[in-house]
Amino acid sequence: MKQNIHPDYHEITVEMTDGSTFKTRSTYGKEGATLKLDIDPKTHPAWTGVHRLNDSGGQLAKFNNRFKGLGLKN
């Protein structure tokens, strides 16, 4: 292996969305850094099976308003 080209591999703490933590090794940050997750397997729809399309005036509503006239016309 070439010397001095690989990132530092050290221990960090990962904080889940519910506040629980665990230690792992990573190249993220510095030794002892904390990685706070916004989405994790406890909250992501792919793992929870709960899929919501609640959009009140957000991107989905803007898209639908912008393109509501397009499409097949009978």
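1. The sheet. In this predicted model, three strands form an open sheet in the order β2-β1-β3, and the pairing within it is mixed. The edge strands are β2 and β3, each of which pairs on one side only. From one strand to the next, the twist averages 35 degrees.

2. The antiparallel pairing. Strand β1, which covers residues 10-15, and strand β2, which covers residues 21-26, run antiparallel and are joined by six bridges. A reader who wishes to follow this pairing in the structure may begin at I12, whose bridge partner in β2 is T24.

3. The hairpin. Between the strands of the β1 and β2 hairpin there are five residues, and in this hairpin G19 takes a positive phi near 95 degrees.

4. The parallel pairing. Strands β1 and β3 run parallel, and three bridges join them. Within this pairing, T13 stands opposite T34, a residue of β3. The mixed character of the sheet can thus be followed strand by strand, with β1 and β2 running antiparallel and β1 and β3 running parallel.

5. The loop after β2. Which residues does T27 contact, once its neighbours within four places in sequence are left aside? T27 has its place in the loop between β2 and β3, the latter being residues 34-36, and, with those neighbours left aside, T27 is in contact with P7, D8, Y9 and H10. One of these contacts, H10, lies 17 residues from T27 along the chain, yet the C-alpha atoms of the two residues are separated by 6.4 Å. As for its surroundings, T27 counts as partly exposed because its relative accessible area is 45%, which lies between the 20% limit for buried and the 50% limit for exposed.

6. The aromatic pair. How many aromatic pairs does a search of the whole structure find? The search finds one, and this pair is formed by F63 and F67, whose rings are 4.9 Å apart from centre to centre, with 50 degrees between their planes. The pair is classed as tilted because planes under 30 degrees apart would count as stacked and planes over 60 as edge-to-face.

7. Exposure of the two rings' residues. Are F63 and F67 buried, exposed or partly exposed? F63 counts as partly exposed, since its relative accessibility is 47%, and F67 is likewise partly exposed, with a relative accessible area of 35%. Both members of the tilted pair are therefore partly exposed.

Methods. Residues are numbered from 1 along each chain as its sequence is written. This is a predicted model: local features need pLDDT of at least 70, side-chain atom pairs count only at pLDDT 80 or more; totals for chains, interfaces and linings use all residues. Side-chain values use heavy atoms; hydrogens and water are left out. Two strands pair if DSSP finds at least two bridges between them. Helices (H or I, at least four residues) and strands (E, at least two) are DSSP runs, numbered from the N terminus. Rings of Phe, Tyr and Trp (its six-membered ring) pair if their centres lie within 6.5 Å; planes under 30 degrees apart count as stacked, over 60 as edge-to-face and the rest as tilted. Buried means under 20% relative accessible area, exposed over 50%, partly exposed in between (1.4 Å probe, protein chains only). Contact means heavy atoms within 4.5 Å. Axes are lines fitted to C-alpha atoms, for helices over the stretch in contact, and angles run from 0 to 180 degrees between N-to-C directions.
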